[in-house]
Amino acid sequence: MDTDTTRKIVLVTGASSGIGEATARRLAAQGHHVVLAARRTDRLDAVVAELRAAGHGAEARTLDVTRREDVGAVVDGVVAEHGRLDVVVANAGVMLLSRLDALLLEEWDRMLDVNVRGLYHAVAAALPHFRAQGGGHLVSVASVGAHEVVPTSAIYSATKFAAWAVAEGLRQESDPSIRVTTVSPGVTESELADHITDPDAAAFMVEYRRRAIPADAVARAVAFAIDQPADVDVNEVVVRPAGQR
């Protein structure tokens, strides 16, 4: 049971690399207790060991956000151990870009499962706890793809617009004690593009990603939203390289 109310208990999904890892590192360094969750436990363990060695509060949980029962078990476990869960940073996501005529339906299904179902699994698991404890904060990491479509991004953009819509619906339906933030990054240093199999999309990304901001730039936006007083709700932040138009 964590009785120190001056720091937040924060669950970060997709925390084994990229924006998730950077967010976990920044929030832990700011004094929050961070639960890093992802499928790649070996990478989580390495980050947690480094954070603990620096005197920060951190722990790792294995999690596949596409499995509803697993998300519920992780969230319930955090609450059982710490007595509360203050923030969920729903960051887990995949970006398997392709032209529609490539017909990569399995990859499209994977994006839907992770980017959309993974988010509402987090909402379903955390919302009852937020209500019971009288407050909480959901931060959804979407993308500029939620606001624009470029060649090869149709399905990816559709999933990110859906993620934006889920978060916006939660904001409107929730009591003011529950805050909701959507952070939409532009081109950010990460391994997302490494998993693209469509050759046209991969070639397009080479030039598109020449200007990229570090993952910590997005982590700073997440930290800003979390650190606002309870009566301030930062609903949406778009963060991208100055050179991205």
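Buried residues, meaning those under 20% relative accessible area (exposed being over 50% and partly exposed in between, with a 1.4 Å probe and protein chains only), make up 51% of the 245 residues in the chain. The structure is a predicted model, in which local features need pLDDT of at least 70 and side-chain atom pairs count only at pLDDT 80 or more, while totals for chains, interfaces and linings use all residues. Residues are numbered from 1 along each chain as its sequence is written, and side-chain values use heavy atoms, with hydrogens and water left out.

**Overall fold and dimensions**

- The chain holds 7 helices and 7 strands, where helices (H or I, at least four residues) and strands (E, at least two) are DSSP runs numbered from the N terminus.
- Read from the N terminus on, the order of these elements is β-α-β-α-β-α-β-α-β-α-β-α-α-β.
- The radius of gyration of the chain is 17 Å, which agrees with the value near 18 Å for a compact globule of 245 residues; the radius is taken over C-alpha atoms, and the globule rule is 2.2 Å times the number of residues to the power 0.38.
- Taken along the principal axes, the C-alpha atoms fill a box of roughly 55 × 40 × 35 Å.
- Of the contacts (heavy atoms within 4.5 Å) with a separation of 6 or more, 72% are accounted for by residues 24 or more positions apart.
- Threonine 6, found in the segment before β1 (9-13), is exposed with a relative accessible area of 69%, and its C-alpha atom is separated by 8.8 Å from that of glycine 31, 25 residues apart along the chain.

**Salt bridges**

- A search of the whole structure finds 11 salt bridges, each being a side-chain nitrogen of Lys or Arg within 4 Å of a carboxyl oxygen of Asp or Glu.
- Side chains of opposite charge can pair when their charged atoms come close.
- Aspartate 86 and arginine 84 meet through their side chains in a salt bridge of 2.9 Å, N to O; aspartate 86 counts as buried at 16% relative accessibility, and arginine 84 also counts as buried, at 12%.
- Aspartate 70 and arginine 67 form a salt bridge with an N to O value of 2.7 Å, in which aspartate 70 is partly exposed with a relative accessible area of 29% and arginine 67 is partly exposed at 46%.
- The side chains of aspartate 216 and arginine 220 meet in a salt bridge of 3.0 Å, N to O, and these two residues are separated by about one helical turn because they lie 4 residues apart in helix α7 (residues 215-226).
- Within that helical pair, aspartate 216 is partly exposed at 24% relative accessibility, and arginine 220 is partly exposed with a relative accessible area of 43%.
- A network of salt bridges links Glu21, Arg25 and Glu50.

**Cavity and pocket**

- On a 1 Å grid over the protein atoms alone, a cavity is a set of points where a 1.4 Å probe fits but cannot get out, whereas a pocket is an open set with protein on both sides within 12 Å along at least five of seven lines, and lining residues have an atom within 4 Å of a point.
- Grid points are joined across faces, edges and corners, and a volume is the space filled by probe spheres set on the points.
- The count comes to 1 cavity of 30 Å³ or more, and about 90 Å³ of space lies in the largest cavity.
- The largest cavity is lined by 14 residues, of which Ala90, Ala92, Val114, Asn115 and Leu119 lie nearest its centre.
- Elements α4, β5 and α5 each supply at least two residues of this cavity lining, with α4 giving the most, at 5 residues.
- By class, the lining of the largest cavity has 8 nonpolar, 5 polar and 1 charged residues, where Ala, Val, Leu, Ile, Met, Phe, Trp, Tyr, Cys and Pro count as nonpolar, Asp, Glu, Lys and Arg as charged, and the others, Gly among them, as polar.
- The second largest pocket has a volume of about 290 Å³, and of the 16 residues that line this pocket, the closest to its centre are Lys8, Asp86, Gly135, Gly136 and Ala230.
- The lining of the second largest pocket has 3 nonpolar, 8 polar and 5 charged residues.

**Positive phi outside glycine**

- Leucine 103, in the loop between β4 (87-90) and α4 (105-133), has a positive phi of about 55 degrees although it is not a glycine, and leucine 103 counts as exposed at 59% relative accessibility.
- Threonine 152, in the loop between β5 (136-141) and α5 (154-173), has a positive phi of about 85 degrees although it is not a glycine, and threonine 152 is buried with a relative accessible area of 11%.
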